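Q: I have a new structure open and would like to learn how to read it. Could you walk me through it step by step?

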Amino acid sequence: MEIKKFSQDREAQRKQMSPIKSSGVVTPDKLSEESISLLTDRLKDEYTAHYFYRSAANWCKNVNYKKAADFFEAEANSELEHAKKLQEYMDDWNVKPVIQSTETNHDFTNLVDIISGAYKMEYSLLQAYNQSSSSLFMNDLTTFDFLTDFRELQKQAVIEYSDLLNALNLVDYNDKFQILYFEQTYF
Ligand SMILES: [Fe+2]
């Protein structure tokens, strides 16, 4: 009697644990609207950074700062990699990424202009990734974890440009020859 009841309970349990019916396929989950919106904004920022560095590389090539041109070329490429990584993540979570339009042309008057602009841009991106992450921490821990690498990258970028700004203070940046020396030394 006891054994029969046990097997009846097991059967009832098994039925409860198997909600899959023969009709229909489960639709996989998407990211929440909040997560999509934050990732879309950061995606735009990555493209903005790409175009900034692309313009910087073009400017440096044009005036013949060869080492700085190579440096900014590499920066432009790594921003594209960041943008790709964000889009792959969205795609993995069944979201079709939307690329928002952004400023593509930047003009500069000198190398100091570029480094100062890059520092401001990277610092505001660090703040943006931190703000996005703190919103996601409560509601979407998976995306929060995904953004860990981006926060680390932003921190490194801010440190890198902060070092360049400090190095600029070692020379007279109104003296073209000293700026060329700076470029040869730090890029
Ligand atoms: Fe980036």
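Q: Let's start with the overview: how many helices and strands are in the chain?
A: Counting the elements is a good way in. This is a predicted model, and its chain holds 7 helices and 0 strands. Read along the sequence, the pattern is α-α-α-α-α-α-α.

Q: What share of the 187 residues is buried?
A: Burial is judged by counting neighbours around each residue. In this chain, buried residues account for 24% of the 187 residues.

Q: Among contacts between residues at least 6 apart in sequence, how many join residues at least 24 apart?
A: Here we look at how far along the sequence the contact partners lie. Of the contacts in the chain between residues at least 6 apart, 72% join residues at least 24 apart.

Q: Which residues have the most contacts inside the largest nonpolar core?
A: To read a core, look for its size first and then for its best-connected members. The largest nonpolar core here has 31 residues, and Ala-56, Cys-60 and Phe-72 have the most contacts inside it. At least two residues of this core come from each of α2 (33-63), α3 (66-92), α4 (111-139) and α6 (148-168). The largest share, 11 residues, is supplied by α2.

Q: Which residues does Phe-72 touch?
A: Picking one core residue and listing its partners makes the picture concrete. Leaving out residues up to four places away in sequence, Phe-72 touches Tyr-53, Ala-56, Ala-57 and Cys-60.

Q: Now the helix pairs: at roughly what angle do the axes of α2 and α3 cross?
A: For a pair of helices, read the distance between axes, the angle and the handedness. The axes of α2 and α3 come within 8 Å and cross at roughly 160°. Because angles over 145 degrees count as roughly antiparallel, α2 is roughly antiparallel to α3. The crossing of α2 past α3 is left-handed. The residues of this contact comprise 16 nonpolar, 3 polar and 7 charged.

Q: What is the relation between α2 and α4, roughly parallel or roughly antiparallel?
A: The same reading steps apply. The axes of α2 and α4 come within 11 Å, crossing at roughly 165°, and the two helices are therefore roughly antiparallel to each other. Their crossing is left-handed. On the α2 side, the residues that meet α4 include Leu-38, Ala-49, Phe-52, Ala-56 and Trp-59. On the α4 side, the residues that meet α2 include Ile-114, Met-121, Leu-125 and Leu-136. By class, the α2 and α4 contact has 11 nonpolar, 5 polar and 3 charged residues.

Q: How do α4 and α6 pass each other, and what classes of residue does their contact have?
A: Start with the geometry and then turn to the residues. The axes of α4 and α6 come within 9 Å and cross at roughly 155°, which makes α4 roughly antiparallel to α6. In passing α6, α4 makes a left-handed crossing. Among the α4 residues that meet α6 are Val-112, Ile-115, Tyr-119 and Leu-126, and among their counterparts in α6 are Phe-150, Val-158, Tyr-161 and Leu-165. The contact has 15 nonpolar, 4 polar and 3 charged residues.

Q: Is Gln-127 buried or exposed?
A: Count the neighbours: a residue with 12 or fewer other C-beta atoms within 10 Å is exposed. Gln-127, which is found in helix α4, has 11 such neighbours, so Gln-127 is exposed. The C-alpha atoms of Gln-127 and Lys-155 are separated by 9.7 Å, with their positions 28 residues apart along the chain.

Q: What about the loops: where does Leu-170 lie?
A: Loops can be read by location and neighbour count too. Leu-170 lies in the loop between α6 and α7 (176-186). Leu-170 counts as exposed because it has 12 C-beta neighbours inside 10 Å. The C-alpha atoms of Leu-170 and Phe-182, 12 residues apart along the chain, are separated by 8.8 Å.

Q: What phi do Asn-64 and Asn-94 have?
A: Here we look at a backbone angle. Asn-64 is not a glycine, although its phi is positive at about 80°. Asn-64 sits in the loop between α2 and α3 and is exposed, with 9 other C-beta atoms within 10 Å. Asn-94, also not a glycine, has a positive phi of about 65°. The loop between α3 and α4 holds Asn-94, which is exposed, with 11 other C-beta atoms within 10 Å.

Technical notes. Residues are numbered from 1 along each chain as its sequence is written. This is a predicted model: local features need pLDDT of at least 70, side-chain atom pairs count only at pLDDT 80 or more; totals for chains, interfaces and linings use all residues. A nonpolar core is a set of buried Ala, Val, Leu, Ile, Met, Phe, Trp, Tyr and Cys residues joined through C-beta atoms within 7 Å. A residue is buried if 20 or more other C-beta atoms lie within 10 Å of its own, exposed if 12 or fewer, and partly exposed in between; C-beta atoms are placed from the backbone. Helices (H or I, at least four residues) and strands (E, at least two) are DSSP runs, numbered from the N terminus. Two residues are in contact if their C-beta atoms, placed from the backbone, lie within 7 Å. Axes are lines fitted to C-alpha atoms, for helices over the stretch in contact, and angles run from 0 to 180 degrees between N-to-C directions. Angles under 35 degrees count as roughly parallel, over 145 as roughly antiparallel, 65 to 115 as roughly perpendicular and the rest as oblique. A crossing is left-handed if the near helix is turned anticlockwise from the far one by less than a right angle, and right-handed if clockwise. Ala, Val, Leu, Ile, Met, Phe, Trp, Tyr, Cys and Pro count as nonpolar, Asp, Glu, Lys and Arg as charged, and the others, Gly among them, as polar.
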